[in-house]
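Here is a short report on the structure shown below. It covers cores, pockets, cysteines and one histidine.

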Amino acid sequence: MQQDTIAMFDQHAATYDQTWQALAPLREALQLVLDSVFAPLPEAANVLCVGAGTGAEILSLAERHPGWRFTAVEPSGPMLDVFRGKAEAEGIASRCVFHQGYLDSLPAVVPFDAATAILVSQFVTDPVARRGFFRAIAQRLRPGGYLASADLACEMTSEAGSRLLDVWFEMVSVSPEARERAKAIYGAQVAVVPPEAVSDIIREGGFDGPVRFFQSGLIHAWFARQALDS
């Protein structure tokens, strides 16, 4: 993730949840299906959350699964602080490890049963680095461990993709005058690529058979299992 992206999250951490409150129903729907994706996990599962942000998926999973433990990896200190405050308020902080930084600086621990990367890999704009992002996650999982990953994805050059973009921009309140600039950002600073390309990147990053289990607007989510030969 680029330093200017981290600086943006640092700056807006205190108001991040309020800013995106209009999209909360989409997040909640994703979390509902995510819980079913992770249904095979053990009662004492150890879950890695890469790019944990303000902790939305951890808070949701922790409420449903009191025996699970979580490791939150987040490069933005202010975002992680917001999550820490929520975890303390909800009484789950003792079940969480808070790691400011990237996955490569996380100390070696027992392999995780599952991992999440929700709206994270889209900020890794180089395809080779993006595959490396997923491979680093795969290497932290037990053999056959689960990944749930979500990113913005769209075939922006197609007619259908252009129409979907218009719907998305309407939903996130991007004015018609600003939409061309937003498209440029999606092509450069945020790696919005066709869904099939994201699935291929996940597979090439060390996972078997990514399955798209959710879509709402541009948000697509996949689950996959760590390839045994990773």
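## Nonpolar cores

The largest nonpolar core holds 49 residues. Within this core, Phe 38, Ile 58, Phe 70, Trp 168 and Tyr 186 have the most contacts. The model is a predicted one.

Trp 168 shows what such a residue touches. Neighbours within four places in sequence are left aside here. Trp 168 is then in contact with Leu 23, Leu 26, Leu 152, Tyr 186, Ser 216, Gly 217, Leu 218 and Ile 219. A second core, separate from the largest, has 22 residues. Ala 117, Val 120, Phe 133 and Ala 153 are among them.

## Largest pocket

The largest pocket has a volume of about 1500 Å³. It is lined by 49 residues. Closest to the centre of this pocket are Phe 9, Tyr 16, Trp 20, Gln 122 and Phe 123.

Several helices supply at least two lining residues each: helix 1 (3-12), helix 2 (16-19), helix 3 (24-37), helix 4, helix 7 (159-171) and helix 8 (179-188). Helix 3 gives the most, with 6 residues. By class, the lining has 31 nonpolar, 12 polar and 6 charged residues.

## Second largest pocket

The second largest pocket has a volume of about 320 Å³. Its lining has 16 residues, and those closest to the centre are Val 50, Tyr 102, Leu 103, Asp 104 and Phe 133. Phe 133 also belongs to the second nonpolar core.

Helix 6, residues 127-138, gives the most to this lining, with 4 residues. The lining divides into 11 nonpolar, 3 polar and 2 charged residues.

## Cysteines

The disulfide count is 0. Cys 49 is in no disulfide, and the nearest cysteine sulfur, in Cys 96, is 8.4 Å away. Why is there no bond from Cys 96 to Cys 49? A disulfide needs the two sulfur atoms within 2.5 Å. The sulfur of Cys 96 is 8.4 Å from that of Cys 49, its closest cysteine sulfur, so the two are too far apart for a bond.

Are these cysteines buried or exposed? Cys 49 has 0% relative accessibility, so this residue counts as buried. Cys 96 has a relative accessible area of 9%, so this residue is buried too.

## His 65

His 65 lies in the loop between helix 4 (56-64) and strand 2 (69-74). The cut-off for buried is under 20% relative accessible area. His 65 has 18%, so this residue is buried. Not counting residues up to four places away in sequence, His 65 touches Asp 35 and Arg 95.

Key. Residues numbered from 1 in each chain as written. Predicted model: local features only at pLDDT ≥ 70, side-chain atom pairs only at ≥ 80, totals over all residues. Heavy atoms only, no water. Buried < 20%, exposed > 50% of the residue type's maximum accessible area, 1.4 Å probe, protein only. Contact = heavy atoms within 4.5 Å. 1 Å grid on protein atoms, 1.4 Å probe; cavity = no way out; pocket = protein on both sides within 12 Å on 5 of 7 lines; lining within 4 Å. Points joined across faces, edges and corners; volume = space filled by probe spheres on them. Nonpolar A, V, L, I, M, F, W, Y, C, P; charged D, E, K, R; others polar. Core = buried A, V, L, I, M, F, W, Y, C linked by side-chain atoms within 4.5 Å.
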